[in-house]
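Trainee: I am new to this structure and would like a close look at a single part of it. Could you take me through the nonpolar residues, on the surface and inside, in one connected account?

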Amino acid sequence: MKGVIAIYPGSFDPPTNGHLDLIERGSNIFAKLIVAVLRNPEKDSPLFTVEERKQMLTALTRPWKNVVIDSFEGLLVDYARRLGAHALLRGIRAISDYEYELQMALMNRKLEPQLETVFMLPAEKYSYLSSRLIKDVFQLGGSVRGLVPPLVEQKLHRKVNGGRPGLVRKTGESL
Ligand code: PNS
């Protein structure tokens with residue numbers, strides 16, 4: 001899409017392989033893709049700070065030259081207006097996402113009719129993934145290998161286990 005600037009907004013706490021899959025798809029069709037981390041002081045205690053999430057996303061998206069990492073607060077449509085963005089990118093994993101996404105897209109359209117919301121589907125193998133599940137599974141000692149990039153796995157170890165390698169399962173796999 002020639003000259004189209006899109007914003008991919010979200011919490012990214014932490015970024016998953018599903019997010020990266022969507023970023024890659026977005027970077028292939030938009031001229032510029034701004035991945036924007038929501039700064040939300042009211043949101044219930046995130047695991048990673050906004051700066052940590054931005055650092056991870058910056059490192060992870062280095063291969064895509066038209067991807068920029070940023071953060072925003074307040075209304076998404078105001079942020080989009082300030083940046084001169086034309087579109088919002090959101091992922092839909094399953095029908096269960098659709099209602100919430102539809103509501104947000106229609107509210108954003110009401111607030112800013114010029115701004116289009118574009119939905120993309122992540123790869124099926126990531127369709128059950130969410131940052132919330134990753135945190136739950138990891139904090140309870142489960143393996144998240146293959147579901148988040150190795151960098152995020154490392155950061156999870158550091159954050160949750162204080163840098164220690166974590167529990168070792170019977171299979172010998174280090175968690
Ligand atoms: O990854 P998430 O938590 O599902 O992302 C939700 C996000 C950041 C897209 C949404 O909460 C948002 O846009 N917040 C900014 C405030 C806003 O504009 N709210 C009205 C949206 S209809």
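Mentor: Met107 is a residue of helix H4, which spans residues 95-111, and in this predicted model Met107 joins Leu75 and Leu111 in a nonpolar patch on the surface, the three together having about 280 Å² of accessible area.

Turning from the surface to the interior, the largest nonpolar core has 33 residues, and those touching the most other members are Tyr8, Ile23, Leu33, Val35 and Leu156. Several elements supply at least two residues each to this core, among them strand E1 (5-10), helix H1 (17-29), strand E2 (32-38) and helix H6 (150-161), while H2 gives the most, with 4 residues. A second core, separate from this one, is made of 12 residues, including Ile5, Ile7, Leu76 and Leu115.

Leu33 is a good place to look more closely: leaving aside neighbours within four places in sequence, Leu33 is in contact with residues including Ala6, Ile7, Tyr8, Ile23, Val68 and Leu89, and Ser27 is also one of its contacts. Ser27 itself is found in helix H1, and Ser27 counts as buried because its relative accessibility is 8%, where buried means under 20%. The side chain of Ser27 reaches the backbone oxygen of Glu24 at 3.1 Å, and, not counting residues up to four places away in sequence, Ser27 touches Trp64, Asn66 and Val67 as well as Leu33. Asn66 and Val67 also appear among the contacts of Leu33.

Notes. Residues numbered from 1 in each chain as written. Predicted model: local features only at pLDDT ≥ 70, side-chain atom pairs only at ≥ 80, totals over all residues. Heavy atoms only, no water. Core = buried A, V, L, I, M, F, W, Y, C linked by side-chain atoms within 4.5 Å. Buried < 20%, exposed > 50% of the residue type's maximum accessible area, 1.4 Å probe, protein only. Contact = heavy atoms within 4.5 Å. Patch = residues over 30% accessible without salt bridge, like charges linked within 9 Å, V, L, I, M, F, W, Y side chains within 5 Å. Areas by Shrake-Rupley, 256 points an atom, 1.4 Å probe, with all protein chains shown as cover. Salt bridge = Lys/Arg side-chain N within 4 Å of Asp/Glu carboxyl O. Polar contact = N/O pair within 3.5 Å; in protein donor to acceptor, adjacent residues only side chain to side chain.
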